[in-house]
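Biologist: I should like to learn how to read this model. Might we begin with the ligand?

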Amino acid sequence: TERTLVLIKPDAVARGYVGEILSRIERKGLTIAALDLRVASEEVAGSHYAEHAERPFYPSLLEFITSGPLVAAVLEGPRAIAAFRQLAGGTDPVDKALPGTIRGDFGLEAQQNLVHGSDSVESAEREIALWFPALSSI
Ligand code: ATP
């Protein structure tokens, strides 16, 4: 089994898609191991997106991700990382995400693309430790 860190981003929370997204996760068969509604601090958001620090959209990305409540979750299951990324669809909701995916069905913009999911085992470990420090030691 595998774990992945998922964020239901502030745009999705503001638009009322928390239930819809959690429902898709549950219908896929993934287990919700941790779930928390919170406003991300600048420190956690900056560390989460540290790999994008030099990108032109980084300041705007941090402003967006800290702009309101988001839902942080840890999902568990066989191939949980790839399974959630399949549900999410590609990064750009119009150019990359297919209909039937969360981004493809509900998104229009590259930044406000509803969800985040870890992209590798290493990222998942780092992100779970960052968002749920108490969980990562288990
Ligand atoms: P995430 O890491 O959130 O799952 P991802 O791995 O699909 O997304 P990355 O390329 O790591 O995509 O980009 C991280 C996040 O930065 C994206 O999810 C999106 O919110 C934002 N982003 C990516 N590209 C752009 C862009 N060209 N303009 C604005 N925001 C962007």
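Modeller: The residues around the ligand, those with a C-beta atom, placed from the backbone, within 6 Å of it, are Phe57, Leu61, Thr91, Ala110, Gln111, Asn113, His116, Gly117 and Asp119. This is a predicted model: local features need pLDDT of at least 70, side-chain atom pairs count only at pLDDT 80 or more, and totals for chains, interfaces and linings use all residues. Residues are numbered from 1 along each chain as its sequence is written.

Biologist: How many residues of the shell around the ligand are nonpolar, polar or charged?

Modeller: Ala, Val, Leu, Ile, Met, Phe, Trp, Tyr, Cys and Pro count as nonpolar, Asp, Glu, Lys and Arg as charged, and the others, Gly among them, as polar. Here the shell has three nonpolar, five polar and one charged residues.

Biologist: Which residues of helix α7 are buried?

Modeller: A residue is buried if 20 or more other C-beta atoms, placed from the backbone, lie within 10 Å of its own, exposed if 12 or fewer, and partly exposed in between. Helices are DSSP runs of H or I with at least four residues, numbered from the N terminus. In α7, residues 121-131, the buried ones are Ala124, Glu127, Ile128 and Trp131. Seen down the axis of α7, they fall within an arc of 100 degrees (taken from the directions from the helix axis to the C-beta atoms), so they line one face of the helix.

Biologist: Why does Phe106 count as buried?

Modeller: Phe106, in helix α6 (residues 102-106), counts as buried because it has 20 C-beta neighbours inside 10 Å.

Definitions and conventions:
Helices (H or I, at least four residues) and strands (E, at least two) are DSSP runs, numbered from the N terminus.
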